[in-house]
Amino acid sequence: QVQLVEAGGGLVQAGGSLRLSCAASGRTFSNRHMGWFRQAPGKEREFVAAITWSGSRTWYADAVKGRFTISRDNAKNTGYLQMNSLNPKDTAVYYCAAVRAATIATMETMTSSSSYDYWGQGTQVTVSS
């Protein structure tokens with residue numbers, strides 16, 4: 001098992017920034033690709049960003065491209081999501097997730113929630129206008 005715990009959510013004004021973190025424990029996290037998803041009230045969970053285990057490749061949803069940056073520090077078993085220029089449409093619960101072992105990183109696999117076996121409990125991000 002891989003346990004994931006998100007932190008860093010909160011209330012921020014439009015135009016502000018937040019940095020989410022995802023602390024991992026349990027089975028090896030450093031050799032698993034990871035991603036961030038979000039779910040707004042009344043909406044389905046959607047892909048936000050993903051990164052390979054080495055950090056060499058990243059993917060972003062069009063809605064966050066240029067504003068959000070995903071990164072990871074394998075020495076600390078921690079992933080991050082830096083969110084800048086936030087707007088009210090970014091309001092959601094944000095989840096980090098790790099893929100099952102041996103997953104090949106492609107845009108299709110990394111942007112699909114079905115590729116991810118391990119999920120955190122989520123952290124609320126609220127952006128006021």
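This section describes the strands, the disulfide, the nonpolar core and two buried charged residues of a predicted model.

An open sheet of 4 strands runs in the order β1-β3-β8-β7, and the pairing is antiparallel. Its edges are β1 (2–7) and β7 (68–73), each of which pairs on one side only. From one strand to the next, the twist averages 15 degrees. Within this sheet, β3 (residues 18–26) meets β8 through 6 bridges in the antiparallel sense. Alanine 23 lies opposite threonine 78 of β8. In general, such strands are held together through backbone hydrogen bonds.

Strand β4 (residues 34–39) has two antiparallel partners that are described here. Toward β5 (residues 46–51), β4 makes 5 bridges. Tryptophan 36 has alanine 49 of β5 as its bridge partner. The two strands form a hairpin, with 6 residues between them. Glycine 42 sits in the turn and has a positive phi of about 75 degrees. Toward β9, β4 makes 6 bridges, again antiparallel. Here glycine 35 stands opposite alanine 97. Strand β4 is largely enclosed by the rest of the structure, because 5 of its 6 residues are buried.

A search of the whole structure finds 1 disulfide. It is formed by cysteine 22 and cysteine 96, whose sulfur atoms are 2.0 Å apart. The pair links distant parts of the chain, 74 residues apart. Cysteine 22 belongs to strand β3 and cysteine 96 to strand β9. The link is right-handed, with 60 degrees about the S-S bond. Cysteine 22 has a relative accessible area of 0%, so this residue counts as buried. Cysteine 96 is likewise buried, also at 0%.

The largest nonpolar core holds 37 residues. Leu4, Trp36, Val48, Phe68, Leu81, Met83 and Tyr94 touch the most other members. Strand β9 gives the most to this core, with 6 residues. Leucine 4 contacts both disulfide cysteines, Cys22 and Cys96. Beyond its neighbours within four places in sequence, the contacts of leucine 4 also include Phe29, Tyr118 and Trp119. Ala23, Ala24, Ala97 and Ala98 are among them as well.

Two charged residues are buried too. Arginine 38 lies in strand β4. Its relative accessibility is 6%, under the 20% cut-off, and therefore arginine 38 counts as buried. Two polar contacts involve its side chain. One reaches the side chain of glutamate 46 at 2.6 Å. The other joins arginine 38 to the side chain of tyrosine 94 at 2.9 Å. Leaving aside neighbours within four places in sequence, arginine 38 also contacts Val48 and Phe68, among others. Glu44, Arg45 and Lys89 are further charged residues in its contact list.

Aspartate 90 is the second of these residues. It is found in the loop between β8 (78–83) and β9 (92–99). With 1% relative accessibility, aspartate 90 counts as buried. Its contacts, not counting residues up to four places away in sequence, are Arg38, Arg67, Phe68, Ser85, Val125 and Val127. Arginine 38 and aspartate 90 are thus in contact with each other. Both residues also touch Phe68, one of the core members named above.

How values were computed: Residues numbered from 1 in each chain as written. Predicted model: local features only at pLDDT ≥ 70, side-chain atom pairs only at ≥ 80, totals over all residues. Heavy atoms only, no water. Buried < 20%, exposed > 50% of the residue type's maximum accessible area, 1.4 Å probe, protein only. Contact = heavy atoms within 4.5 Å. Pairing = 2+ DSSP bridges. Axes fitted to C-alpha atoms, helices over the stretch in contact; angles between N-to-C directions. Polar contact = N/O pair within 3.5 Å; in protein donor to acceptor, adjacent residues only side chain to side chain. Core = buried A, V, L, I, M, F, W, Y, C linked by side-chain atoms within 4.5 Å. Disulfide = S-S within 2.5 Å.
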